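Biologist: Please take a close look at one strand and its surroundings. I would like the pairing, the packing and the side-chain contacts in one connected account.

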Amino acid sequence: IMKIRKAIIPAAGLGTRVLPASKSMPKEMLPIVDKPTIQYLVEEAVNSGITDILIITNRGKGVIEDHFDHSFELEAGLKGNPSKEKLYEDVKAVANLANIYFIRQKETKGLAHALLCGKSFVGNEPFAVLYGDDVIVSDDPVTAQLTRCYEKYDKGIVGVNEVPEELIRLYCTLDVSPIEGEEKAMTCRRIIEKPSPDQILSLFAILGRVVLPPETFELIEKGLANTPEGEEFYLTDVFTELGMNDKLIAYNFDGKRYDMGNKLGIMEANCEIALKHPEIGESFKKYLKDLVKTF
(Lines give C-alpha, C1' and ligand atoms only; values in the text may rest on other atoms or scores of the structure.)
Protein backbone atom coordinates (compact mmCIF):
# COMPACT_ATOMS: atom_id res chain seq x y z
CA ILE A 1 0.00 0.00 0.00
CA MET A 2 1.40 3.39 -1.03
CA LYS A 3 2.24 6.01 1.58
CA ILE A 4 0.15 9.17 1.38
CA ARG A 5 2.51 11.91 0.14
CA LYS A 6 0.11 14.32 -1.55
CA ALA A 7 -2.74 16.51 -0.36
CA ILE A 8 -5.25 18.85 -1.97
CA ILE A 9 -6.67 21.88 -0.17
CA PRO A 10 -9.73 23.28 -1.97
CA ALA A 11 -9.75 27.03 -1.34
CA ALA A 12 -11.83 28.37 -4.24
CA GLY A 13 -15.04 29.13 -2.32
CA LEU A 14 -16.50 32.63 -2.38
CA GLY A 15 -16.83 33.02 1.41
CA THR A 16 -20.34 34.46 1.27
CA ARG A 17 -21.08 33.47 4.89
CA VAL A 18 -18.38 35.81 6.18
CA LEU A 19 -19.00 38.86 4.03
CA PRO A 20 -18.02 41.68 4.03
CA ALA A 21 -14.68 40.46 5.50
CA SER A 22 -14.16 38.12 2.53
CA LYS A 23 -14.93 40.76 -0.12
CA SER A 24 -11.28 41.69 -0.64
CA MET A 25 -9.52 39.08 1.55
CA PRO A 26 -9.92 35.35 0.86
CA LYS A 27 -11.62 33.72 3.84
CA GLU A 28 -8.71 31.25 3.95
CA MET A 29 -6.47 34.19 4.91
CA LEU A 30 -8.60 35.31 7.85
CA PRO A 31 -6.29 35.16 10.87
CA ILE A 32 -6.54 32.90 13.88
CA VAL A 33 -4.50 34.93 16.40
CA ASP A 34 -1.29 35.38 14.36
CA LYS A 35 -1.56 32.89 11.48
CA PRO A 36 -3.98 32.73 8.54
CA THR A 37 -6.48 29.90 8.52
CA ILE A 38 -4.89 28.09 5.59
CA GLN A 39 -1.51 27.90 7.32
CA TYR A 40 -3.06 25.70 10.02
CA LEU A 41 -4.19 23.29 7.29
CA VAL A 42 -0.80 23.25 5.57
CA GLU A 43 0.98 22.64 8.89
CA GLU A 44 -1.42 19.78 9.71
CA ALA A 45 -0.67 18.17 6.35
CA VAL A 46 3.08 18.56 6.82
CA ASN A 47 2.87 17.14 10.36
CA SER A 48 1.05 14.15 8.87
CA GLY A 49 3.90 13.26 6.51
CA ILE A 50 2.58 15.06 3.42
CA THR A 51 5.36 16.44 1.20
CA ASP A 52 3.41 17.88 -1.77
CA ILE A 53 0.35 20.11 -1.42
CA LEU A 54 -1.90 21.50 -4.14
CA ILE A 55 -4.07 24.48 -3.18
CA ILE A 56 -7.06 25.05 -5.47
CA THR A 57 -7.78 28.78 -5.72
CA ASN A 58 -9.68 31.10 -8.02
CA ARG A 59 -9.57 34.70 -9.17
CA GLY A 60 -8.58 37.20 -6.46
CA LYS A 61 -6.77 34.72 -4.22
CA GLY A 62 -3.17 35.42 -5.26
CA VAL A 63 -2.47 36.61 -1.72
CA ILE A 64 -2.54 32.93 -0.64
CA GLU A 65 0.32 32.20 -3.05
CA ASP A 66 2.23 35.22 -1.74
CA HIS A 67 1.87 34.00 1.84
CA PHE A 68 3.67 30.72 1.09
CA ASP A 69 6.43 32.42 -0.89
CA HIS A 70 9.53 34.18 0.39
CA SER A 71 9.12 37.88 1.19
CA PHE A 72 12.68 39.07 0.66
CA GLU A 73 12.11 42.67 1.77
CA LEU A 74 10.39 41.59 4.97
CA GLU A 75 13.00 38.91 5.71
CA ALA A 76 15.84 41.37 5.06
CA GLY A 77 14.26 43.85 7.47
CA LEU A 78 14.01 41.25 10.24
CA LYS A 79 17.33 39.46 9.69
CA GLY A 80 20.13 40.44 12.02
CA ASN A 81 17.87 42.18 14.54
CA PRO A 82 18.22 40.20 17.81
CA SER A 83 14.76 41.24 19.03
CA LYS A 84 13.19 40.05 15.75
CA GLU A 85 15.07 36.76 15.42
CA LYS A 86 12.06 34.52 16.16
CA LEU A 87 9.85 36.52 13.79
CA TYR A 88 12.49 36.14 11.07
CA GLU A 89 12.61 32.36 11.56
CA ASP A 90 8.79 32.09 11.62
CA VAL A 91 8.37 34.11 8.41
CA LYS A 92 11.11 32.19 6.61
CA ALA A 93 9.73 28.83 7.74
CA VAL A 94 6.33 29.46 6.10
CA ALA A 95 7.95 29.39 2.65
CA ASN A 96 9.73 26.10 3.43
CA LEU A 97 6.85 24.06 4.88
CA ALA A 98 6.38 21.78 1.86
CA ASN A 99 6.32 21.68 -1.93
CA ILE A 100 3.23 23.86 -2.41
CA TYR A 101 1.56 24.22 -5.80
CA PHE A 102 -1.42 26.28 -6.94
CA ILE A 103 -4.04 25.89 -9.65
CA ARG A 104 -7.14 27.95 -10.34
CA GLN A 105 -10.62 26.52 -10.55
CA LYS A 106 -11.84 28.71 -13.41
CA GLU A 107 -15.52 28.16 -12.58
CA THR A 108 -16.93 27.67 -9.07
CA LYS A 109 -18.71 24.38 -9.68
CA GLY A 110 -18.46 22.71 -6.29
CA LEU A 111 -16.03 20.50 -4.40
CA ALA A 112 -16.03 17.53 -6.79
CA HIS A 113 -15.14 19.78 -9.73
CA ALA A 114 -12.43 21.50 -7.65
CA LEU A 115 -10.78 18.17 -6.82
CA LEU A 116 -10.80 17.19 -10.49
CA CYS A 117 -8.47 20.16 -11.10
CA GLY A 118 -5.88 18.18 -9.11
CA LYS A 119 -6.00 15.01 -11.22
CA SER A 120 -2.64 15.49 -12.95
CA PHE A 121 -1.02 16.60 -9.66
CA VAL A 122 -2.09 13.42 -7.86
CA GLY A 123 -1.46 10.94 -10.67
CA ASN A 124 -2.04 7.32 -9.72
CA GLU A 125 -1.62 7.77 -5.96
CA PRO A 126 -3.91 7.95 -2.94
CA PHE A 127 -4.23 11.48 -1.58
CA ALA A 128 -5.55 13.48 1.35
CA VAL A 129 -8.08 16.32 1.10
CA LEU A 130 -8.25 19.06 3.76
CA TYR A 131 -11.35 21.20 3.27
CA GLY A 132 -10.39 24.87 3.26
CA ASP A 133 -13.09 25.96 5.75
CA ASP A 134 -12.19 23.46 8.46
CA VAL A 135 -9.43 24.01 11.00
CA ILE A 136 -9.09 21.00 13.30
CA VAL A 137 -6.83 21.21 16.33
CA SER A 138 -5.50 17.92 17.68
CA ASP A 139 -2.32 16.64 19.33
CA ASP A 140 -2.37 13.81 16.77
CA PRO A 141 -3.08 15.54 13.41
CA VAL A 142 -6.39 14.38 11.96
CA THR A 143 -4.87 13.84 8.52
CA ALA A 144 -2.32 11.52 10.14
CA GLN A 145 -5.12 9.58 11.87
CA LEU A 146 -6.82 9.07 8.50
CA THR A 147 -3.67 8.21 6.54
CA ARG A 148 -2.79 5.48 9.06
CA CYS A 149 -6.27 4.03 8.62
CA TYR A 150 -5.91 4.13 4.81
CA GLU A 151 -2.56 2.39 4.98
CA LYS A 152 -4.11 -0.31 7.17
CA TYR A 153 -7.22 -1.01 5.07
CA ASP A 154 -6.36 0.28 1.57
CA LYS A 155 -9.80 1.89 1.31
CA GLY A 156 -11.07 5.46 1.09
CA ILE A 157 -11.36 7.10 4.52
CA VAL A 158 -13.78 9.88 5.48
CA GLY A 159 -13.16 11.74 8.74
CA VAL A 160 -16.36 11.96 10.78
CA ASN A 161 -17.73 13.13 14.11
CA GLU A 162 -21.27 13.07 15.48
CA VAL A 163 -23.16 16.34 15.17
CA PRO A 164 -26.36 17.43 16.98
CA GLU A 165 -29.53 16.14 15.32
CA GLU A 166 -30.79 19.66 14.63
CA LEU A 167 -27.60 20.41 12.64
CA ILE A 168 -27.26 17.20 10.61
CA ARG A 169 -29.37 18.74 7.78
CA LEU A 170 -26.51 21.21 7.18
CA TYR A 171 -23.99 18.41 6.59
CA CYS A 172 -24.48 14.84 5.42
CA THR A 173 -25.53 11.62 7.13
CA LEU A 174 -23.76 8.26 6.90
CA ASP A 175 -24.89 4.65 6.96
CA VAL A 176 -22.17 3.12 9.14
CA SER A 177 -21.59 -0.15 10.98
CA PRO A 178 -18.83 -1.08 13.46
CA ILE A 179 -15.72 -3.01 12.42
CA GLU A 180 -14.86 -5.78 14.87
CA GLY A 181 -11.86 -4.86 17.01
CA GLU A 182 -11.93 -1.21 15.92
CA GLU A 183 -12.77 1.65 18.25
CA LYS A 184 -12.76 4.47 15.69
CA ALA A 185 -13.15 2.91 12.23
CA MET A 186 -16.55 1.94 10.78
CA THR A 187 -17.68 0.48 7.48
CA CYS A 188 -19.54 3.13 5.49
CA ARG A 189 -22.04 2.05 2.81
CA ARG A 190 -24.02 5.16 1.91
CA ILE A 191 -24.08 8.92 2.39
CA ILE A 192 -26.92 11.40 1.93
CA GLU A 193 -26.05 15.07 1.45
CA LYS A 194 -28.11 17.63 3.44
CA PRO A 195 -30.71 15.05 4.60
CA SER A 196 -34.33 15.77 5.46
CA PRO A 197 -35.45 14.44 8.89
CA ASP A 198 -36.76 11.18 7.40
CA GLN A 199 -33.45 10.56 5.57
CA ILE A 200 -31.15 10.62 8.62
CA LEU A 201 -29.03 7.44 8.66
CA SER A 202 -26.89 8.35 11.69
CA LEU A 203 -25.62 11.51 13.37
CA PHE A 204 -22.14 10.97 11.92
CA ALA A 205 -21.17 13.61 9.34
CA ILE A 206 -18.04 14.16 7.26
CA LEU A 207 -16.14 17.08 8.77
CA GLY A 208 -13.33 18.43 6.68
CA ARG A 209 -10.85 15.58 6.14
CA VAL A 210 -10.79 12.61 3.75
CA VAL A 211 -8.18 10.30 2.22
CA LEU A 212 -9.10 8.93 -1.19
CA PRO A 213 -7.90 6.32 -3.69
CA PRO A 214 -6.74 7.42 -7.18
CA GLU A 215 -9.90 5.96 -8.79
CA THR A 216 -11.76 8.91 -7.24
CA PHE A 217 -11.06 11.04 -10.31
CA GLU A 218 -12.60 8.51 -12.67
CA LEU A 219 -15.74 8.45 -10.50
CA ILE A 220 -15.89 12.27 -10.44
CA GLU A 221 -15.56 12.46 -14.23
CA LYS A 222 -18.34 9.92 -14.68
CA GLY A 223 -20.58 11.74 -12.20
CA LEU A 224 -20.02 15.17 -13.74
CA ALA A 225 -20.70 13.82 -17.23
CA ASN A 226 -24.05 12.40 -16.08
CA THR A 227 -25.18 15.47 -14.11
CA PRO A 228 -27.65 17.77 -15.90
CA GLU A 229 -26.47 21.29 -16.75
CA GLY A 230 -27.05 23.69 -13.87
CA GLU A 231 -27.10 21.01 -11.15
CA GLU A 232 -24.23 20.38 -8.72
CA PHE A 233 -22.66 16.93 -8.56
CA TYR A 234 -21.82 16.19 -4.93
CA LEU A 235 -18.55 14.57 -3.89
CA THR A 236 -20.59 12.51 -1.40
CA ASP A 237 -22.03 10.63 -4.40
CA VAL A 238 -18.48 9.47 -5.16
CA PHE A 239 -18.10 8.37 -1.54
CA THR A 240 -21.36 6.42 -1.75
CA GLU A 241 -20.15 4.63 -4.89
CA LEU A 242 -16.96 3.65 -3.05
CA GLY A 243 -19.07 2.52 -0.07
CA MET A 244 -21.38 0.37 -2.19
CA ASN A 245 -18.27 -1.44 -3.45
CA ASP A 246 -16.94 -1.97 0.10
CA LYS A 247 -14.15 0.56 -0.46
CA LEU A 248 -15.00 3.19 2.17
CA ILE A 249 -14.40 3.56 5.90
CA ALA A 250 -15.65 6.30 8.21
CA TYR A 251 -13.12 7.23 10.90
CA ASN A 252 -14.35 8.95 14.06
CA PHE A 253 -11.36 11.25 14.52
CA ASP A 254 -10.04 12.96 17.65
CA GLY A 255 -9.83 16.73 17.37
CA LYS A 256 -11.66 20.03 17.86
CA ARG A 257 -13.08 21.40 14.60
CA TYR A 258 -13.69 25.05 13.85
CA ASP A 259 -15.87 26.07 10.89
CA MET A 260 -13.97 29.03 9.46
CA GLY A 261 -16.69 29.76 6.94
CA ASN A 262 -18.92 30.71 9.85
CA LYS A 263 -18.69 33.88 11.96
CA LEU A 264 -19.17 32.05 15.27
CA GLY A 265 -16.62 29.41 14.26
CA ILE A 266 -14.07 32.15 13.53
CA MET A 267 -14.59 33.72 16.96
CA GLU A 268 -14.43 30.34 18.74
CA ALA A 269 -11.17 29.47 17.01
CA ASN A 270 -9.59 32.80 17.87
CA CYS A 271 -10.65 32.66 21.51
CA GLU A 272 -9.70 29.03 22.19
CA ILE A 273 -6.40 29.12 20.31
CA ALA A 274 -5.51 32.46 21.94
CA LEU A 275 -6.02 30.89 25.38
CA LYS A 276 -3.32 28.31 24.56
CA HIS A 277 -0.98 30.74 22.81
CA PRO A 278 2.46 30.81 24.53
CA GLU A 279 2.82 34.55 24.08
CA ILE A 280 -0.61 35.90 25.03
CA GLY A 281 -2.47 32.96 26.61
CA GLU A 282 -2.31 33.99 30.26
CA SER A 283 -3.01 37.67 29.59
CA PHE A 284 -5.94 36.80 27.34
CA LYS A 285 -7.39 34.46 29.97
CA LYS A 286 -7.30 37.27 32.55
CA TYR A 287 -8.87 39.67 30.05
CA LEU A 288 -11.75 37.26 29.35
CA LYS A 289 -12.41 36.69 33.06
CA ASP A 290 -12.56 40.43 33.66
CA LEU A 291 -14.69 40.99 30.56
CA VAL A 292 -17.27 38.36 31.54
CA LYS A 293 -17.82 40.14 34.88
CA THR A 294 -19.03 43.23 33.03
CA PHE A 295 -21.79 41.37 31.15
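Modeller: The account below starts at strand β6 and then turns to rings and charges.

This is a predicted model, in which local features need pLDDT of at least 70, side-chain atom pairs count only at pLDDT 80 or more, and totals for chains, interfaces and linings use all residues. Residues are numbered from 1 along each chain as its sequence is written, and side-chain values use heavy atoms, with hydrogens and water left out.

Take the strand itself. β6 covers residues 127–130. Helices and strands here are DSSP runs, numbered from the N terminus (H or I with at least four residues for a helix, E with at least two for a strand). β6 has partners. It runs parallel to β1, and three bridges join them. With β11 the pairing is antiparallel, over four bridges. Two strands count as paired if DSSP finds at least two bridges between them. V129 shows both contacts. It stands opposite I8, and it also stands opposite V210 in β11.

Now the faces. In a regular strand the side chains alternate between the two faces of the sheet. In β6, F127 and V129 lie on one side, A128 and L130 on the other, and all are buried. Buried means under 20% relative accessible area, exposed over 50%, and partly exposed in between (1.4 Å probe, protein chains only).

F127 leads to the rings. The structure holds three aromatic pairs. One of them is F127 with F217, which is stacked, at 5.0 Å centre to centre and 15 degrees between the planes. The rule takes rings of Phe, Tyr and Trp (its six-membered ring) with centres within 6.5 Å; planes under 30 degrees apart are stacked, over 60 edge-to-face, the rest tilted. F217 sits in helix α8 (residues 216–225), 90 residues from F127, so the pair links distant parts of the chain. Both rings are buried: F127 has a relative accessible area of 0%, F217 of 2%.

Rings also meet charges. K6 lies over the face of F121, 5.4 Å from the ring centre. The charged end of K35 sits over the ring of Y40, at 4.6 Å from its centre. The test is NZ of Lys or CZ of Arg within 6 Å of the ring centre and within 35 degrees of the ring normal.

Next, the salt bridges. A side-chain nitrogen of Lys or Arg must be within 4 Å of a carboxyl oxygen of Asp or Glu. The count comes to 25. The loop between β6 and β7 (134–137) holds D133. D133 bridges to R17, with the closest N and O atoms 3.6 Å apart. R17 lies in the loop between β1 (6–10) and β2 (31–32), so the bridge ties together parts that are 116 residues apart in sequence. R17 is partly exposed, at 45%. R17 and D133 also belong to a network of salt bridges with K27, E28 and D259.

β11, a partner of β6, supplies another bridge. R209 meets E44 at 2.9 Å, N to O. R209 is in strand β11 (residues 204–212) and E44 in helix α1 (residues 37–47), 165 residues apart. Both ends are buried: R209 has a relative accessible area of 1%, E44 of 7%.

D140 and R148 offer a further case. Their side chains meet in a salt bridge at 2.5 Å, N to O. D140 is partly exposed at 30% relative accessibility, and R148 is partly exposed at 45%.
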